[in-house]
Amino acid sequence: MRNRLKILRAERDWSQAELAGRLDVSRQAVNAIETGKHDPSLPLAFRIARLFDLRIEDIFDDGEPA
Amino acid sequence: MILGTKPQLGPGESNSEKRRLRYMGYIAFCGIVGGIGGFATGFFDQGDGSLLTGDWELLRLPPALALVIAALMLAGFLVLPLYGFRLVDDYQREQSLVGYTGGFLGVMAGFPVWAALHAGAFAPAPNAFGIFAIGFVSMCVSYLYSRWRL
C-alpha cells in the first residue's frame, strides 16, 4: 500500500524517531510503513491520520478506485 | 554537536529513546535470566548425564537449585516472552509471531522427520533436548528472516 508518510514527516522536519515517538511505535515500524514493507493496523492508521490532521485515505492509497 | 553535550531531543524522539531503553532493558534482563539458568545448570550438575546425548537418568541437581532453575526457565520461556508482546508494537509483534511460528513448525516437522530417519538407521533416536534445540534454532532463524524481509 502506498502512503505519504515520508512526505508528511519531511514537511514537518521530523526524524523517523520523532514520528515514532509521537505515534508510540518503534522507529523500525515507521521505516517499514514508509517503505511499504508493513501496513499499519487500523488503530495506528487512525493515530497517524489524527497526528497529521488528515483523513486516512489522504495518507494511504491502496491503488483501488474510490 | 559540541563534544560532551547532548543534542536537544524533540518530544517524539524523547519517547522513542525511552521506548528503546525500556526494550534494551528487557532484552538484557532476558539474557541475565537465561545466563543464570544455563550457568547454574552446567556448574552445579552433580551427575554424569548430558542433555545432548539424552542420558537423562544420570543428570543430578540439588533439589532446591532444581526448583530455582525450573522457575527461571518458566520465566525465561513463558513469562518474559508473553510480557515482551506487551512491550512491542504491531510491526515487532508480527516479526515475533513469524519467529514463534517457525519454532512451532520446526518441532512439528522435526520430530517425525527425525523419527523416520532413526527408523531407517540414518540418525540416533530422537530425544527431548534435540527436539527443543530444533524448535529453538528454527525460531531464531525464522525471527532473523522476518527481521530481514518484513
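# Exercises on a predicted two-chain model

Of the 66 residues in chain A, 30% count as buried, where a residue is buried if 20 or more other C-beta atoms lie within 10 Å of its own, exposed if 12 or fewer, and partly exposed in between, with C-beta atoms placed from the backbone. The structure is a predicted model, in which local features need pLDDT of at least 70, side-chain atom pairs count only at pLDDT 80 or more, and totals for chains, interfaces and linings use all residues. Residues are numbered from 1 along each chain as its sequence is written, while chains are lettered from A and ligands numbered from 1 in the order in which they are written.

## Exercise 1: confidence

Find the scores of the model and the mean pLDDT of chain B.

Solution. The model scores ipTM 0.87 and pTM 0.81. For chain B the mean pLDDT, the predictor's confidence in each residue on a scale from 0 to 100, is 88, and 92% of the residues of chain B reach 70 or more. Within chain B, confidence is lowest in α1(B), with a mean of 88, and highest in α3(B), at 96. Where pLDDT is low, the predicted coordinates should not be read in detail.

## Exercise 2: the build of chain A

Work out which elements make up chain A and how its radius of gyration relates to the globule rule.

Solution. Chain A holds 5 helices and 2 strands, counting as helices the DSSP runs of H or I with at least four residues and as strands the runs of E with at least two, numbered from the N terminus. Their order from the N terminus is β-α-α-α-α-α-β. The radius of gyration of chain A is 11 Å, close to the 11 Å that the globule rule gives for 66 residues, so chain A is as compact as a globular protein of that length; the radius is taken over C-alpha atoms, and the rule is 2.2 Å times the number of residues to the power 0.38. The C-alpha trace of chain A spans about 35 × 25 × 20 Å along its principal axes.

## Exercise 3: the nonpolar core and two loop residues

Identify the residues with the most contacts inside the largest nonpolar core, and then examine the positive phi values of Asp13(A) and Asp24(A).

Solution. A nonpolar core is a set of buried Ala, Val, Leu, Ile, Met, Phe, Trp, Tyr and Cys residues joined through C-beta atoms within 7 Å. The largest such core has 13 residues, and those with the most contacts inside it are Ala20(A), Leu23(A), Val25(A), Ala29(A), Val30(A) and Ile33(A). At least two residues of this core come from each of α2 (16–23) and α3 (27–34) of chain A. Leaving aside residues up to four places away in sequence, Ala29(A) touches Ala20(A), His38(A), Asp89(B), Tyr91(B) and Gln92(B), a contact being a pair of residues whose C-beta atoms, placed from the backbone, lie within 7 Å.

Turning to the loops, Asp13(A) is found between α1 (5–11) and α2 of chain A and has a positive phi of about 60° although it is not a glycine. Asp13(A) counts as exposed because it has 8 C-beta neighbours inside 10 Å. Asp24(A), in the loop between α2 and α3 of chain A, has a positive phi near 60° and is likewise a residue other than glycine. With 14 C-beta neighbours inside 10 Å, Asp24(A) counts as partly exposed.

## Exercise 4: the spread of chain B

Determine whether chain B is compact or spread out, and where its domains lie.

Solution. Chain B has 4 helices and 0 strands, and its elements run α-α-α-α from the N terminus. The radius of gyration of chain B is 20 Å, well over the 15 Å that the globule rule gives for 150 residues, so chain B is more spread out than a compact globule. Its C-alpha trace spans about 65 × 40 × 30 Å along the principal axes, and 11% of the 150 residues of chain B count as buried. The domain assignment, which is automatic or from a database, gives domain 1 (15–87) and domain 2 (90–150) of chain B, with 19 Å between their centres, taken over C-alpha atoms.

## Exercise 5: the contact between the chains

State how many residues each chain brings to the contact, and which element of chain B supplies the largest share.

Solution. The contact takes 13 residues from chain B and 20 residues from chain A. On the side of chain B that touches chain A, α1 (11–44) and α3 (90–119) each supply at least two residues, and the largest share, 7 residues, comes from α1(B). The residues of this side divide into 3 nonpolar, 6 polar and 4 charged, where Ala, Val, Leu, Ile, Met, Phe, Trp, Tyr, Cys and Pro count as nonpolar, Asp, Glu, Lys and Arg as charged, and the others, Gly among them, as polar.

Note on methods. Two residues are in contact if their C-beta atoms, placed from the backbone, lie within 7 Å.
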